[in-house]
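User: I should like to understand how the terms used for a protein model follow from their definitions. Please take me through the structure below, setting each value against its cut-off.

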Amino acid sequence: MANETVFRRYEGNPIIVPSQVPRANSIFNSAVIPYGHGYVGVFRVDEICRSMTLHVGWSKDGMKWDISKIDSCRMSPVRSSSSVRRNTYSCRRTLAASAR
């Protein structure tokens, strides 16, 4: 029992690859939920220039994704008044506003 596999990884991994987004170095699945007759997801893309952007993805089956950049949503470090870098990020536009 201790050596039993609880789940089996999909042999076709990775499902989402950097080549799906121009200038992407890596893509991270932040959240995927059922939506309508398919799925919607938010993805963090680390670009080759070392900046991070948020993208929204739409899929009918959860396997093939159409990933679009969220307009005007580049994450940049928020600095405190004492110039100490915090590990928090700010995004000027929300997913809800750009998912129209």
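User: What makes Arg44 and Asp46 a salt bridge?

Analyst: A salt bridge is a side-chain nitrogen of Lys or Arg within 4 Å of a carboxyl oxygen of Asp or Glu. The closest N and O atoms of Arg44 and Asp46 are 3.0 Å apart, so the pair satisfies the 4 Å limit. By this rule the count comes to 1 salt bridge. Side chains of opposite charge can pair when their charged atoms come close. Please note that this is a predicted model, in which local features need pLDDT of at least 70 and side-chain atom pairs count only at pLDDT 80 or more, whereas totals for chains, interfaces and linings use all residues. Residues are numbered from 1 along each chain as its sequence is written, and side-chain values use heavy atoms, with hydrogens and water left out.

User: Why is Asp46 called buried, and what is Arg44 called?

Analyst: Buried means under 20% relative accessible area, exposed means over 50%, and partly exposed lies in between (1.4 Å probe, protein chains only). Asp46 has a relative accessible area of 17%, and therefore it is buried. Arg44 stands at 26%, so it counts as partly exposed.

User: How do you know which residue of β2 is the bridge partner of Phe28?

Analyst: The bridge partner of Phe28 in β2 is Arg44. Strands are DSSP runs (E, at least two residues; helices are H or I, at least four), numbered from the N terminus. Two strands pair if DSSP finds at least two bridges between them. Strand β1 (residues 24-35) and strand β2 (residues 38-47) have 10 bridges in the antiparallel sense, so they pair by this rule. They form a hairpin with 2 residues between them, and Gly36 in the turn has a positive phi of about 60 degrees.

User: Why is Ser26 called buried, and which residues does it contact?

Analyst: Ser26, in strand β1, has a relative accessible area of 18%, and so it is buried. Contact means heavy atoms within 4.5 Å. Leaving aside neighbours within four places in sequence, Ser26 is in contact with Pro18, Arg44, Val45 and Asp46. Val32 also lies in strand β1, but at 35% relative accessibility it counts as partly exposed. With the same kind of neighbours left aside, Val32 is in contact with Tyr39, Val40, Gly41, Phe43 and Trp65.

User: What makes a group of residues a nonpolar core, and which residues form the largest one?

Analyst: A nonpolar core is a set of buried Ala, Val, Leu, Ile, Met, Phe, Trp, Tyr and Cys residues joined through side-chain atoms within 4.5 Å. The largest has 8 residues: Ile16, Val21, Ala24, Ile27, Phe43, Val45, Trp65 and Ile67. The elements that give two or more residues to this core are β1 and β2. A second, separate core of 5 residues includes Val40, Val42, Leu54 and Val56.

User: Why is the aromatic pair of Phe43 and Trp65 called edge-to-face?

Analyst: Rings of Phe, Tyr and Trp (its six-membered ring) pair if their centres lie within 6.5 Å; planes under 30 degrees apart count as stacked, over 60 as edge-to-face and the rest as tilted. For Phe43 and Trp65 the centres are 5.3 Å apart and the planes are at 75 degrees, so both conditions for an edge-to-face pair are met. Phe43 lies in strand β2 and Trp65 in the loop between β3 (52-59) and β4 (66-79), 22 residues apart. Both Phe43 and Trp65 are buried. The structure holds 2 aromatic pairs.

User: What makes the backbone at Arg23, Arg50 and Pro14 worth noting?

Analyst: Most residues other than glycine have a negative phi, and most peptide bonds are trans. Arg23 has a positive phi, near 65 degrees, and Arg50 has one of about 75 degrees. Arg23 is found in the segment before β1 and, at 48% relative accessibility, counts as partly exposed. Arg50, in the loop between β2 and β3, has 78%, and so it is exposed. A cis peptide bond joins Asn13 and Pro14, with omega about -5 degrees.

User: How confident is the predictor in the chain?

Analyst: The predictor's confidence in each residue is the pLDDT, from 0 to 100. The chain has a mean of 75, and 68% of its residues reach 70 or more. Over residues 77-100 the pLDDT is below 50. Where pLDDT is low, the predicted coordinates should not be read in detail.
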